[in-house]
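Hi,

Here is the structure I promised to pass on. Have a look at it first, and my notes on what turned up follow underneath.

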Amino acid sequence: MLLSPAGVEALRTALTRAGFTSNGIAGRLGSQATGGVARNDFRAALRATEDRDPLATLIRVFICDQTEPDAAVAAALAPLTVEEALAGGLVERHGDGLRAGVDLEPYGDDWWVLADVPASARPGRPLHAEHVLGIGGATQTLIGATVRRPVETALDLGTGSGVQALHLDTHARRVTATDVSERALRFAATTAALNGQDWELLRGDMVAPVAGRRFDLVVSNPPFVVGPGTTTHVYRDSGRVGDAIGAELAAAPSLLTEGGTMQYLANWVHVTGEEWDERVAGWFAGTGLDAWVIQREVADPMAYVNLWLTDVGEAADPQRMAAWLDWFDAHKVEAIGFGIVSLRRSGHDEPIVRVEDLRQRVEPPMGERIAAWFDRQDWLRVRDTDALLAERYRAAEGLQLRQEATMGDEGWAVDRQVLGMPRGLRWQEEIDPLVLALVGGADGRLPLRDQLALLASAHDVAPEELAEAAGPIVAHLVERGIIEPVEG
Ligand SMILES: C[S@@+](CC[C@H](N)C(=O)[O-])C[C@H]1O[C@@H](n2cnc3c(N)ncnc32)[C@H](O)[C@@H]1O
């Protein structure tokens, strides 16, 4: 840990006593200053904390990144002493005062997370090779995407600050967290202790420290950045070439208990002459796992390299940039995809593997949407076409239809019809008139077979032909939640 157990207890006392929590800070600053802080504009926050009571000083040091007098910092951290805080790296000497040595973030209702100060806050100072990442966009993506159902055992691979483990602790009886970095584990141990949580912490390379063990839920925000395989910063670089870390994690099905779920973030390359989704689907061949991979973003190589060089404060390094871009050129990388991989050990002979684009904004919580997707797969898996047609369905709530039409001699001719889900995963689906009629008639009253018979006579099609064609279409609509089976 960064502090002794007694030191962590003293820090917790100081933070609690001062009210240094998300709500306490928001209450002290008010909405205008809180909004400013979110945009890195600290002017209003500094005005609101001029009297330097303990909460004000903690806000100035750890939120506004100010250098404050020793006496004020000592009063704010007591009963933790300044000497202990300096020794643990919590604060550092700067000019004739003290400033933050770590990123100590109030998080959630009453948690704190310890991480390193980001590169942007210390311009010109090189990041530690074992820099411990704070709560950024990718971290939050995984937090939001995690299936939060109660489990016995959960594992966080590459725990860093420990923030994923903090969340796992709310719905898992036992939490294990690993990291290759000893430094990161010290931060994670401090985060756990500060929040009164107890995790098993193990050091080692990816799954090595838990070899032979199984978990109900595994999450990982690994160092997923793709490139030549050089490692300068362990939070970002896996040391694996290209997107191999994503494939490596996919090949770890023995980590999961029966019915267990694994979710991780990954990047994958889009290579000229290759379908990106087939490449990623190939990661799961032979694993026996159900897989749902959703691509949330795609970046071109230049933007990608810029982003990750800026992240470590090396944006102005033309040599690093050129070497990285050369590697992309040499490997015909046109773009890099970012997304969420969700795997489940269902124990069925024919695993379902779906790799698709899902770039639209999704209604949170994403984790619940992902869990429901696997539930729907379970429902579909045990039904053949006959069984699907025997069910009654209801169209998703608030479904919308958009039409594009061209005016011709005989009035409007419809060119394109798109169904849109205003809620949930917000799929947009182009459909033909027959499917539109099928969805439009899905009011939960008639079994689909009867509904199709009516449609067949209205459109002058043979009922068996329509029924045959409807099977995969209905399965697809159910998978996406556009129509839902009616229970009972
Ligand atoms: C992107 S950070 C994620 C930190 C944190 N879990 C989060 O979600 O914010 C990746 C973490 O993986 C760790 N890591 C890097 N290479 C690893 C490896 N080969 N095995 C295990 N952990 C590794 C890093 O030290 C770092 O803490």
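**Salt bridges first**

Asp378 is partly exposed, with a relative accessible area of 31%. It forms a salt bridge with Arg381, and the closest N and O atoms of that pair are 3.7 Å apart. Both residues sit in helix H14 (residues 366-381), three residues apart, which is about one turn of the helix. There is also a network: salt bridges with shared partners join Asp65, Glu92, Arg99, Arg122 and Arg125.

Before I go on, please keep in mind that this is a predicted model.

As for background, side chains of opposite charge can pair when their charged atoms come close. The count of salt bridges comes to 39, and two more of them are worth pulling up on your screen.

One is Arg60 with Glu68, where the closest N and O atoms are 3.1 Å apart. Are these two buried or exposed? Buried means under 20% relative accessible area. Arg60 has 7% and counts as buried, and Glu68 is buried too, at 3%.

The other is Arg183 with Asp116, with 2.5 Å between the closest N and O atoms. Arg183 lies in helix H9, while Asp116 lies in the loop between E4 and helix H7 (137-145), so this pair ties together parts that are 67 residues apart in sequence. Both Arg183 and Asp116 are buried.

**The whole chain**

Stepping back a bit, the chain has 18 helices and 18 strands. Its C-alpha atoms fill a box of roughly 85 × 50 × 50 Å along the principal axes. Of the 488 residues, 50% count as buried. The accessible surface comes to about 22200 Å², and 51% of that belongs to carbon and sulfur atoms. If you take the contacts between residues at least 6 apart in sequence, 67% of them join residues at least 24 apart.

UniProt has an unreviewed entry that lists residues 17-100 as "domain: DUF7059". In the model, that span is 57% helix and 10% strand, and its end C-alpha atoms lie 19 Å apart.

**The eight-stranded sheet**

This is an open sheet with mixed pairing, and its eight strands run in the order E7-E6-E5-E8-E9-E11-E10-E12. Which strands stand at the edges? They are E7 (200-203) and E12 (353-357); each has a single partner strand, so one side of each is left without a neighbour in the sheet. From one strand to the next, the twist averages 20°.

Helix H9 (residues 182-194), the one that carries Arg183, packs on this sheet and touches E6 (172-179) and E7. The direction of H9 makes about 170° with that of E7.

At the E12 edge, strand E10 (residues 290-299) runs parallel to E12, and five bridges join the two. If you want a spot to zoom in on, try Val293, whose bridge partner in E12 is Val355.

**The E3-E4 hairpin**

Strand E3 (residues 103-107) pairs with strand E4 (residues 111-115) in the antiparallel sense, over five bridges. Asp103 stands opposite Ala115 in E4. The hairpin has three residues between its strands, and Gly108 takes a positive phi near 65° there. Why call E3 largely enclosed by the rest of the structure? Four of its five residues are buried, so that description follows.

**The three-stranded sheet**

There is also an open sheet of three strands, in the order E17-E13-E18, with antiparallel pairing. Here E17 (443-447) and E18 (483-485) are the edge strands, each with a single partner, so one side of each has no neighbour in the sheet. Neighbouring strands are turned by 30° against each other on average, direction ignored. Three bridges join E13 (residues 392-395) to E18 in antiparallel fashion, and Tyr393 stands opposite Pro485 in E18.

That's the tour. Shout if you'd like to go through any of it together.

Cheers

Technical notes. Residues are numbered from 1 along each chain as its sequence is written. This is a predicted model: local features need pLDDT of at least 70, side-chain atom pairs count only at pLDDT 80 or more; totals for chains, interfaces and linings use all residues. Side-chain values use heavy atoms; hydrogens and water are left out. Two strands pair if DSSP finds at least two bridges between them. Axes are lines fitted to C-alpha atoms, for helices over the stretch in contact, and angles run from 0 to 180 degrees between N-to-C directions. Contact means heavy atoms within 4.5 Å. Buried means under 20% relative accessible area, exposed over 50%, partly exposed in between (1.4 Å probe, protein chains only). UniProt positions are given in the numbering used here, feature names are shortened, and annotations may be inferred rather than shown by experiment. Accessible areas come from the Shrake-Rupley method with a 1.4 Å probe; for residues, only the protein chains shown count as cover. A salt bridge is a side-chain nitrogen of Lys or Arg within 4 Å of a carboxyl oxygen of Asp or Glu.
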